[in-house]
Every structure is written in C-alpha cells, then in structure tokens.
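Work through the exercises below with the structure open beside you. Try each task before reading its solution.

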Amino acid sequence: MWPFLFSINKEENMKNYHSLRKTRDFQIVYNQGKSKVNKYLVLYSKKNDLGYNRLGISVSKKVGNSVVRHHITRLIRESYRLNQDTLKQSYDMVVIARNSAKDTNYHIIESAFLHLINLHHLKRVDHI
RNA sequence: UUAGUCAGACAAAUGGCCGCGCCGUUUCAGACGAAAGGGAAAUGGUGAGGAAAGUCCGGGCUUCACAGGGCAGGAUGCCGGAUAACGUCCGGUAGGGGCAACCCUCAAGCUAGUGCAACAGAAAUAAACCGCCAUGAAUAUGGUAAGGGUGGAAAGGUAAGGUAAGAGCUUACCGCCUGGCUGGUAACAGACAGGGCAUAUGUAAACCUCAUCCGAAGCAAGACCGAAACGAAAACGAUAAAUUGGCCCGAUUUGUUUUCAGGUGGGUCGCUGGAGCUUGCUGGCAACAGUAAGUCGAGAUAGAUGGCCAUUCAACGACAGAACCCGGCUUAUCGGCUGGCUAAACAU
RNA sequence: GGCUCCAUGGUCAAGUGGUUAAGACACCGCCCUUUCACGGCGGUAACACGGGUUCAAAUCCCGUUGGAGUCA
C-alpha cells in the first residue's frame, strides 16, 4: 500500500519544475538542440533521456539591471509553470530573453512563450 | 502667505485565487545515497533597501607569516574631542560666499634642499628696452626704478614729504617679519615694541621634509565528512585471479581484499543574537557614553518576494534586489509629509 | 561576491604638465596612367564623461560611465 502512495507523491513532485544548472548542460542544448526565435524570446530545445522536462532561463546583462532581469525570469518561470501540463515530456529547454522583453508584461511573455512552443511542436497532442 | 535653509520619518494601500525560499508543529514513508545527508502532505509563522548599488575608506572574523626593530612602499595632514577604527562624525579657529538662517574649503612645510615655469617680453630669479635726470653736445658716460609695454607672476600697497631725477630715503595707515606680554587645553586672537622689507615670485593633487598610522590576503577566507583519480603498506595469488562466454576450448589483462593516505563530483558547518533595535532617564554645547525596561525582525547556493482579478489614490507608482557581518563616504532617485530657523510682504 | 587593469580619428596606436596632439592603414579631392592598381600632393576626422589642483591638464587628484581579465 505504501509504495503505491509514494509513487503518487512522486507524480505530485513533478509539479515542481526541474532546472538546468551546469554550464555544460546549457552548452549541450546550445550545440545540439534546435532554436526558434520571435520578437521577445529565443527557445532552444533538445530531447533528453530523463523522462521529465528541464528548463533553463538566461537573461543577459544587456537587458537591464538586476531588478529587470529577475522580473523577466519570474515571468518566464510563471509561463512555464502554468503551461507545463500541456507540454510533451523528456525535453531540455533553454529560454533566452531578448532586449525587447524588458518593456513587456506577463501576457505578452506568455503568448510569446506559447508561440515558440508551437513552433517546436512540443505541445502534447492529446491536449489539443 | 511666498521664497529659502537645516533636520527627521516614509518609499502606494486593502482583499481574493494560484505559486516560491526558510523555520516550527502534526501525520505518512524509512524509499534514495558508499557516507555525510535526506523525502511527501497539511497547518502556522516569516521572508529585500534608503541607498541592499559603487567597492572608495575603516573594523570584526578566518587563514598564512611573524623574537624584536628598521628600510622600502602606501595613507592621512589647522586645533581639540568622539569612536572598535576611519580619509567618518561633533565642536572650535582661519579664509571665502550669502541681506539672513546657513553653507563651502586636499587648510602642515617652497624663509631645509632639488626640479619646473612653454609663448610673449629688454629681462623669469635675472636688471635696464622705451623712458626720467645729470655731464657733454646729436653719438656717448653715469645715476635711477616713478611711468609705459609683455606676462599668471617683474624687488610690499596707498598718500604726503623729499630729490637733479628717483628710491622704505623719511613719515602716516595697511600688509609682512621678529620679540616677549595677555586670553585660550590648542589652533589662534588682541594690544605693544622693534625691523625698514635683500627673508626677494609661483608650484608640494612636482620630487621631497616633518608628524601620525599601516604585516598580507580575503567567506570563491577557512573547517569537517567523504564516491573518484594519483599513491603507500600488509595478506592472498602465477598449477592463480579477473573479463569475454549458457559451458568447455580459446582470446585479453595482471590482479583481489584490508588498512592508511588523498580530497575531485557531492554534502555539512562558517550563516546570522549583533560595537543589534525601540522607548525613557542621567552626563556632555554636540558627536557620543552610561543605565533601566521591552524586543528578536531574510539566510538563498544558478540563487526564494511573482502572476491574475477587484477596489481606492497624489492615477499606472522613481532609483533600484540581501549573498559573511558592521561603521562611514560617494553616486542614483518619483514624490508628498512633519518640525526648527531666516528674509520679504500683508494683517493684528 | 572579491580582486586587478584599461579607455586618444572608422581601425591600430605614440605622446617629460607648455607649438596647431606624432604616425600608419582606411576615406575624400587633385596629379600620373588609355583605364585600374602602384606612386606623388593635399584634406576631413580623436584625448569616454563631470568636477578640482595649476598661469596652463590628454597627462596630476576625486567621482561617474563603459569595457576586459582573474579567483570555484
């Protein structure tokens, strides 16, 4: 009985997103993954073997000061969090904020993120 | 009321839903990991500034070095005080700005030495270009430093006397220097006497001199647990062992275990209760110190504060995000609020 | 997060506090050549920004901005 319950808990744990941490992981995605661009964001993606998705966010110092960069990071993370149930699993994704993203709000960032997801065909088919 | 000046506090608010870091409690699991460590849910609490910034100074803390002292190098620079310490702060002196409240000042020493001062100008640390005066006759010689001109700076300034013309040559006032006296802890101020200014200009954010201070590096400091890699020793083992393989033959390799050492990936500590904050009292002009009561307010590790909706406003809210901690400085900044003081106008 | 350093025409760069800030490549104009190139002559173009010291600052001092390196 208990192992069954534990497995439920582990599924619940998937709500917390996994992040890319090492410079090496980012380099693998940059070199071997595919990239799509729109006005505000850049999205790299690459299939991995882990069975779950990992997200990396990169905001350059050219975009703004620390407050602006943190704010954009939070907007992107919120977009991913609220939409991750609709995505295919087992992919590494890196989102890069472009310079024009500093004057936006949440709605623009979310629509830009979903636009790039569609370009990568990462939407789960049974959800459409 | 307007204008100004100084000081202080604030840094949009409220509610609902979803979500994040840390801490406590309860419940569940004892998975995962070699170990150290560590999981999930519910609930409660808590969660970024006045500059968190720049990293310009100072201190704590840690490691390294060190008998003691000096040189070199660096920093500071009116006087006194505060402080753990400071290049900070407070009070005063001097100079400057403002009608005033008040504000500003890298404020030792070029009369210890050395260096530099372009161009212009006759000449730049040195004396005579034009001048003025005398002799003499147009030239020249001598005296002089008033006036002109150049320059940032040309042998104290103004006035009067004096003189052939002039000159601190003489006198008065001011400036400078020297001497003691008075007041003050001192910087300095005041009055007095003398010098007769040949101590000759400026520059020390030029070298330098004098006085005081400084060992170096920085939490990516440092301490601990520890897979791996590189090693050491002991035991076992060449008729052996391991890998490949269903087994044998064959092929390839030299090892296996234990202990020590080592310290990579990883983890834990350092990490936040402190020169702490609030209020009152006492001492002090003040900075500040002492004391009593109350109080605990982030601690992440690729880095937590976000999103949506509704309402209100001065109406879309500036500058901006802790990363070991503290005291300052500097820089950025929407604004409105409170208090003291000053000037002007009006009213009483 | 800590530490160290740099900034001079479009580019690379020299420059003891004192002339109109040296030079090279590039660009523009003229000459040469049938034309281009080479060559010759001439020209445009800069001290990151703001204060201060000084008679005088690219240079000395302070602050700001931008850039680079290094420490796991």
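**Exercise 1.** The charged end of Lys47 sits over the ring of which residue?

*Solution.* The model used here is predicted. The ring belongs to Tyr91, and the charged end of Lys47 is 4.9 Å from its centre.

**Exercise 2.** Classify the aromatic pair formed by Tyr30 and Tyr44, and say which parts of the chain the pair ties together.

*Solution.*
1. Rings count as a pair if their centres lie within 6.5 Å, and planes over 60 degrees apart make the pair edge-to-face. By this rule there is one aromatic pair.
2. The ring centres of Tyr30 and Tyr44 are 5.0 Å apart and the planes stand at 70°, so the pair is edge-to-face.
3. Tyr30 is in helix 2 (residues 23–32) and Tyr44 is in strand 3 (residues 41–47), so the pair links parts 14 residues apart in sequence.
4. Tyr30 has a relative accessible area of 24% and is partly exposed, whereas Tyr44, at 19%, counts as buried.

**Exercise 3.** Check whether the length of helix 3 agrees with the expected span, then describe where its buried residues lie.

*Solution.*
1. Helix 3 has 18 residues, and at 1.5 Å a residue it should span 26 Å. The C-alpha atoms at its ends are 26 Å apart, which agrees.
2. The buried residues of helix 3 are Ile72, Thr73, Leu75, Ile76, Ser79, Tyr80 and Asn83.
3. Viewed down the helix axis, the buried residues of helix 3 fall within an arc of 160°, so they line one face.
4. An α-helix has 3.6 residues a turn, so residues three or four places apart point the same way.
5. The buried residues of helix 3 pack against strand 3, strand 4, strand 5 and helix 4. On the face turned away from the buried side are the exposed residues Val67 and Arg74.

**Exercise 4.** Find which elements supply the largest nonpolar core, and list the contacts of Val95.

*Solution.*
1. The largest nonpolar core has 22 residues; those touching the most other members are Leu41, Ile72, Ile76, Met93, Val95, Ala97 and Ile117.
2. At least two residues of this core come from each of strand 3, strand 4 (54–59), helix 3 (66–83), strand 5 (91–97) and helix 4 (106–119). Helix 4 gives the most, with five residues.
3. Another core, of six residues, lies apart from this one and includes Phe26, Val29, Val42 and Val94.
4. Setting aside neighbours within four places in sequence, Val95 is in contact with Leu41, Val42, Leu43, Leu55, Gly56, Ile57, Ser58, Ile76 and Phe113.

Technical notes. Residues are numbered from 1 along each chain as its sequence is written. Chains are lettered from A and ligands numbered from 1 in the order in which they are written. This is a predicted model: local features need pLDDT of at least 70, side-chain atom pairs count only at pLDDT 80 or more; totals for chains, interfaces and linings use all residues. Side-chain values use heavy atoms; hydrogens and water are left out. Rings of Phe, Tyr and Trp (its six-membered ring) pair if their centres lie within 6.5 Å; planes under 30 degrees apart count as stacked, over 60 as edge-to-face and the rest as tilted. Helices (H or I, at least four residues) and strands (E, at least two) are DSSP runs, numbered from the N terminus. Buried means under 20% relative accessible area, exposed over 50%, partly exposed in between (1.4 Å probe, protein chains only). A charge sits over a ring if NZ of Lys or CZ of Arg is within 6 Å of the ring centre and within 35 degrees of the ring normal. A nonpolar core is a set of buried Ala, Val, Leu, Ile, Met, Phe, Trp, Tyr and Cys residues joined through side-chain atoms within 4.5 Å. Contact means heavy atoms within 4.5 Å. The expected span of a helix is 1.5 Å times one less than its number of residues. The arc is that of the directions from the helix axis to the C-beta atoms.
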